[in-house]
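I set out to look up the enclosed spaces in this structure, and then the polar and charged side chains around them. My entries follow in the order in which I made them.

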Amino acid sequence: QDMAPLWKRSGTRATGRGAGRLLGRVRGAGESSRGFFGRPKGRSAARDARRVPGKRGNQQPLLQEGEALPGPTVAFAKADEGDAGAPVEDWFRIVLAFLFPALGGLLFGYDIGATSGALVSLTSEATGGVPWFDLTPFQSGLVVSSSLFGALVSSVAAFFVGDNLGRRREILLAAVLYLAGTALEGLAQSYPLLLCGRLTYGLGIGFAMHGAPAYIAETAPQRVRGLLISLKEVLIVLGILLGYLASFLFVSKAGGWRAIYLVAAPAAMALFAGMSWLPASPRWLLLRGGGSGEVVASLRKLRGPAAKEEDLLAEAEAMEANFGGDGDKGAAASGGVGGPLRR
């Protein structure tokens, strides 16, 4: 309807009740074809036709039982159907395979936190307990930096010998160096012997920081691999915190610097014992051309006795499929694992 002619014919002002009557006239003029909000009246009539007589507000269902919904549909699987064929994972074994190599990072962080407190205790006449406590600033700097120099040397060495040693033996070597360095530091009777202990401990840092991340990455299940590698950094920070805590406990005691250094010995022994129990990395075994028996045996110890044989074989074949370049050449040199696994 044309509003202007209607307004002129009505003669009603657009205020108060007059506006309401006018709006009613405008709506009434269009009700013959469309309903409220512009919907076609036919839809309302169709809905009214579905009402069950005698029951107020009751309507017949728009879809009969068993009738399909028009248009595209989405099928939802049961929550447990996706895990029915998932590999069985022993989380206790997975945590151990992460925790033991990560102790190498904890010992690295401990050295960072403990050195400052140990130096304060060593250079004090009241708590040093040695005649050579009066160190020059240069000598104090050597005590702090000698471990970092050792870490630099072993990091470069690990670049050349790491693949030949393997991740497991590399961490075992780091544990031995940690333990030897701790003993030399805590029992040092002279300044040169203390520096030797600091240097030895630093050699352990370099090998541990090279081997531990690789071992964790090569043994962890795929879905938690990134998480576990990141958690190794948490253990480094935890080691720093423990180093400061040990300094707080022993810095004011006579010979407290010896106790601060020796606190690291139990963690170094746990690192050695744990890595002695854990197997070699299955990916490293593939890199060195290991046979199917070695690879599957390593995976079985990492995944636990509940792991299915077919799951272990599938994981080993997936590892081999991901290898490229020299890894494939190394595996092919001794027959690899692909053929025996597929057979």
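The entries below cover cavities, two residues with hydroxyl side chains, and salt bridges.

**Entry 1. Basis.** I note at the outset that this is a predicted model.

**Entry 2. Cavities.** I looked for enclosed space and recorded two cavities of 30 Å³ or more. The largest cavity holds about 50 Å³ of space. I listed its lining as Ile94, Ala97, Phe98, Ile216, Thr219, Ala220, Pro221, Leu228, Leu302 and Arg303. Helices α4 (91-122), α7 (191-219) and α12 (292-303) each give two or more residues to this lining. The largest share, three residues, comes from α4. By class I noted eight nonpolar residues, one polar and one charged.

**Entry 3. The second largest cavity.** I put its space at about 30 Å³. Its lining consists of Tyr110, Asp111, Ala114, Thr115, Glu185, Arg198, Tyr201, Tyr261 and Ala264. The elements that supply two or more residues here are α4 and α7. I recorded four residues from α4, which gives the most to this lining. The classes are five nonpolar, one polar and three charged residues.

**Entry 4. Thr219.** I returned to Thr219, which is among the residues that line the largest cavity. Thr219 lies in helix α7. Its relative accessible area is 2%, so I entered Thr219 as buried, the limit being under 20%. Where does the polar part of the Thr219 side chain find a partner? A polar atom of that side chain lies 2.7 Å from the backbone oxygen of Tyr215. Beyond its neighbours within four places in sequence, Thr219 is in contact with Ala97, Ser281, Pro282, Leu302 and Arg303.

**Entry 5. Ser247.** I then looked up Ser247, which is placed in helix α8 (residues 225-250). Ser247 has a relative accessible area of 6% and is buried. A polar atom of the Ser247 side chain is 3.0 Å from the backbone oxygen of Gly243. With neighbours within four places in sequence set aside, the contacts of Ser247 are Gly113, Ala114, Gly117, Ala118 and Ile260. Of these, I had already met Ala114 in the lining of the second largest cavity.

**Entry 6. Salt bridges.** I recorded seven salt bridges. In one of them, Arg198 pairs with Glu185, and the closest N and O atoms are 3.0 Å apart. Arg198 lies in helix α7 and Glu185 in helix α6 (residues 167-187), so this pair ties together parts that are 13 residues apart in sequence. Are the two partners buried or exposed? Arg198 is buried at 0% relative accessible area, and Glu185 is buried at 1%.

**Entry 7. Arg303 and Glu315.** I found that the side chains of Arg303 and Glu315 meet in a salt bridge, at 2.6 Å from N to O. Arg303 belongs to helix α12 and Glu315 to helix α13 (residues 309-322), so the pair ties together parts that are twelve residues apart in sequence. Arg303 is buried, with a relative accessible area of 7%, whereas Glu315 is partly exposed at 22%.

**Entry 8. Network.** I noted that salt bridges with shared partners join Asp111, Glu185 and Arg198 into one network. I had listed these three residues in the lining of the second largest cavity.

**Entry 9. Lys232 and Glu233.** Glu233 forms a salt bridge with Lys232, and the closest N and O atoms are 2.9 Å apart. I entered Glu233 as partly exposed at 42% relative accessibility and Lys232 as buried at 4%.

Key:
Residues are numbered from 1 along each chain as its sequence is written. This is a predicted model: local features need pLDDT of at least 70, side-chain atom pairs count only at pLDDT 80 or more; totals for chains, interfaces and linings use all residues. Side-chain values use heavy atoms; hydrogens and water are left out. Buried means under 20% relative accessible area, exposed over 50%, partly exposed in between (1.4 Å probe, protein chains only). A polar contact is a pair of N or O atoms within 3.5 Å; within protein, one must be able to donate a hydrogen and the other to accept it, and residues adjacent in sequence count only if both atoms are side-chain atoms. Contact means heavy atoms within 4.5 Å. On a 1 Å grid over the protein atoms alone, a cavity is a set of points where a 1.4 Å probe fits but cannot get out, and a pocket is an open set with protein on both sides within 12 Å along at least five of seven lines; lining residues have an atom within 4 Å of a point. Grid points are joined across faces, edges and corners, and a volume is the space filled by probe spheres set on the points. Ala, Val, Leu, Ile, Met, Phe, Trp, Tyr, Cys and Pro count as nonpolar, Asp, Glu, Lys and Arg as charged, and the others, Gly among them, as polar. A salt bridge is a side-chain nitrogen of Lys or Arg within 4 Å of a carboxyl oxygen of Asp or Glu.
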